[in-house]
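Let's take a walk through this model, starting from a few individual residues and ending with the chain as a whole.

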Amino acid sequence: MPNQTVRPYVRSFQGLRGCAIALIFLSHCKICIGNSELSITTWFGALGVCMFTVLSGYLLALHYAGEAIDTRAHAKKKLKRYYPLHLVTLLAAVPFCLDSLLALDKTAWLSLLCQLLLVQAWVPVPGIYFSMNVVAWYLSLDLFYGLAGPWLLKRAEKLPRRYLLAGLVCVIGVQFLWTGLTWQIPASRWLIYIFPPARLLDLLAGILLCLLHTARQEEKKPLPGQWAAALALAAMGILLALSLPLNSEWFAVCVWTIPVCVLIGCLAGQDTAPWLRGLFQNRGIQYLGAVSFELFLIHQLCIRYCRVICLYLGAPVPYSYLPAFLLSLLAAGLWRRITKKG
């Protein structure tokens with residue numbers, strides 16, 4: 001299916017990446033109200049990951065629909081981009097598990113091996129998929145996307161245009177069904193939030209969204225407007241507000257897919273509303289989007305190191321979050337500059 005009518009690059013998507021990484025950073029800061037042990041930002045990261053994944057599917061279809069994709073080369077390109085920084089952050093995480101490694105703890109050494117091979121997301125053990133540089137579990141997922149994404153795109157392109165919307169609705173329906181079947185069993189967090197085949201549904205939603213968007217543009221049919229974007233943002237805000245008191249695995253994946261798809265569809269429109277452009281195209285959020293990959297891999301380690309320093313100095317832990325954010329930005333920008341020069 002040709003996609004010449006879709007712009008090859010939508011600047012607002014960079015801003016969406018910036019919002020996603022900001023949400024993920026906040027989710028790793030424990031911000032509690034009163035005597036509650038629950039952080040009010042616990043589920044922010046799930047929304048950020050959903051944004052990244054659906055957008056990845058959308059951009060995959062935007063750039064490669066109608067073209068032959070060398071799956072192996074596509075996966076190698078991903079590895080070449082993020083594996084060096086993964087190794088650096090993995091080394092930086094070693095001090096946090098050094099005692100276990102020196103004690104020859106089997107789980108610690110297995111988690112290190114899984115991290116090196118980027119297969120940690122396939123192991124249903126929290127001490128493995130959430131080990132060392134915890135956020136690196138997503139690299140395991142992203143490598144799977146690189147291998148499975150091109151195959152999914154080719155299958156999705158064979159769908160008749162009239163079935164694209166139905167296909168997208170079915171994908172979201174399967175997400176709700178999967179969450180409903182698994183959310184109360186012991187391994188629910190892994191099955192819903194981590195398990196690569198389950199998370200592939202978000203990627204497929206992004207692929208179908210792009211193909212649907214392209215088809216509607218070519219047929220000159222109306223696309224989601226600014227009111228749809230406002231409703232999507234309002235829905236995200238309401239769901240985030242509900243996520244703390246409800247604290248359910250339903251907030252791990254499926255509830256975010258619909259508003260995220262609507263928002264991406266609005267941002268990809270040819271006539272994006274000025275307020276929407278202003279929200280996602282300002283310089284600050286654009287910079288966060290530009291270094292979002294580096295910031296993603298670096299930020300949690302910075303939070304952990306700054307937290308240790310605060311505890312050593314006897315300062316409240318929340319005092320560590322702003323220094324951690326600034327340190328993360330500095331390190332991410334520095335790594336990006338070094339690798340670009342290389």
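Start in the loop between α11 (226-246) and α12 (254-267), where serine 248 has its place. This is a predicted model, so keep that in mind for everything that follows. Serine 248 has a relative accessible area of 10%, and it counts as buried because that is under 20%. Setting aside residues up to four places away in sequence, serine 248 touches two tryptophans, Trp43 and Trp183.

The loop between α11 and α12 also holds asparagine 247. What is the phi of asparagine 247, given that it is not a glycine? It is positive, at about 45 degrees. Most residues other than glycine have a negative phi. Asparagine 247 has a relative accessibility of 37%, so it counts as partly exposed, whereas serine 248 is buried.

Methionine 132 is another residue other than glycine with a positive phi, in this case near 55 degrees. Look for methionine 132 in the loop between α6 and α7 (137-157). With a relative accessible area of 7%, methionine 132 is buried.

**Glutamine 120 and its surroundings**

Now for glutamine 120, which sits in the loop between α5 (106-117) and α6 (126-129). Is glutamine 120 buried or exposed? Its relative accessible area is 0%, so it goes down as buried. What does its side chain reach? The backbone oxygen of alanine 136 is one partner, at 3.0 Å. The side chain of glutamine 115 is another, in a polar contact at 3.5 Å with the side chain of glutamine 120. Leaving out neighbours within four places in sequence, the contacts of glutamine 120 are Cys114, Gln115, Ile128, Tyr129, Ala136, Trp137 and Ser140.

**Pairs across the sequence**

Some residue pairs are worth pulling up in your viewer, with sequence separation set against C-alpha distance. Here they are side by side.

| Pair | Separation in sequence | C-alpha to C-alpha distance |
|---|---|---|
| Threonine 179 and phenylalanine 251 | 72 residues | 9.7 Å |
| Glycine 333 and valine 291 | 42 residues | 6.5 Å |
| Alanine 268 and alanine 315 | 47 residues | 45 Å |

Take the threonine first. Threonine 179 lies in helix α8, which covers residues 164-182. Its relative accessible area is 2%, so threonine 179 is buried. Which residues does threonine 179 contact, once neighbours within four places in sequence are left aside? The answer is Ile192, Glu249, Trp250 and Cys254. Of these, Cys254 falls within α12 (254-267).

Glycine 333 is also a helix residue, in α16 (residues 321-341). It has 17% relative accessibility and still counts as buried, because the cut-off is under 20%. Not counting residues up to four places away in sequence, glycine 333 touches Tyr287 and Val291. Val291 is the partner listed for glycine 333 in the table, with their C-alpha atoms separated by 6.5 Å.

Then there is alanine 268, found in the loop between α12 and α13 (274-280). Alanine 268 has a relative accessible area of 2%, so it is buried. Its table partner is alanine 315, and the two C-alpha atoms are 45 Å apart in space.

**Stepping back to the whole chain**

How many helices and strands does the chain have? The secondary structure comes to 16 helices and 0 strands. The radius of gyration is 20 Å, close to the 20 Å that the globule rule gives for 342 residues, so the chain is as compact as a globular protein of that length. Along its principal axes, the C-alpha trace spans about 60 × 50 × 45 Å.

As for the inside, buried residues make up 51% of the 342 residues. Among contacts with a separation of 6 or more, 78% are between residues 24 or more positions apart.

On the outside, the accessible surface of the chain is about 16400 Å², and carbon and sulfur atoms account for 69% of that. The chain carries 29 positive and 13 negative charges, and the mean positions of the two sets are 6 Å apart.

Terms used
Residues numbered from 1 in each chain as written. Predicted model: local features only at pLDDT ≥ 70, side-chain atom pairs only at ≥ 80, totals over all residues. Heavy atoms only, no water. Helix = DSSP H or I, 4+ residues; strand = E, 2+ residues; numbered from the N terminus. Rg over C-alpha atoms; globule rule 2.2 N^0.38 Å. Buried < 20%, exposed > 50% of the residue type's maximum accessible area, 1.4 Å probe, protein only. Contact = heavy atoms within 4.5 Å. Areas by Shrake-Rupley, 256 points an atom, 1.4 Å probe, with all protein chains shown as cover. Lys, Arg positive; Asp, Glu negative; His and termini not counted. Charge placed at Lys NZ, Arg CZ, Asp CG, Glu CD. Polar contact = N/O pair within 3.5 Å; in protein donor to acceptor, adjacent residues only side chain to side chain.
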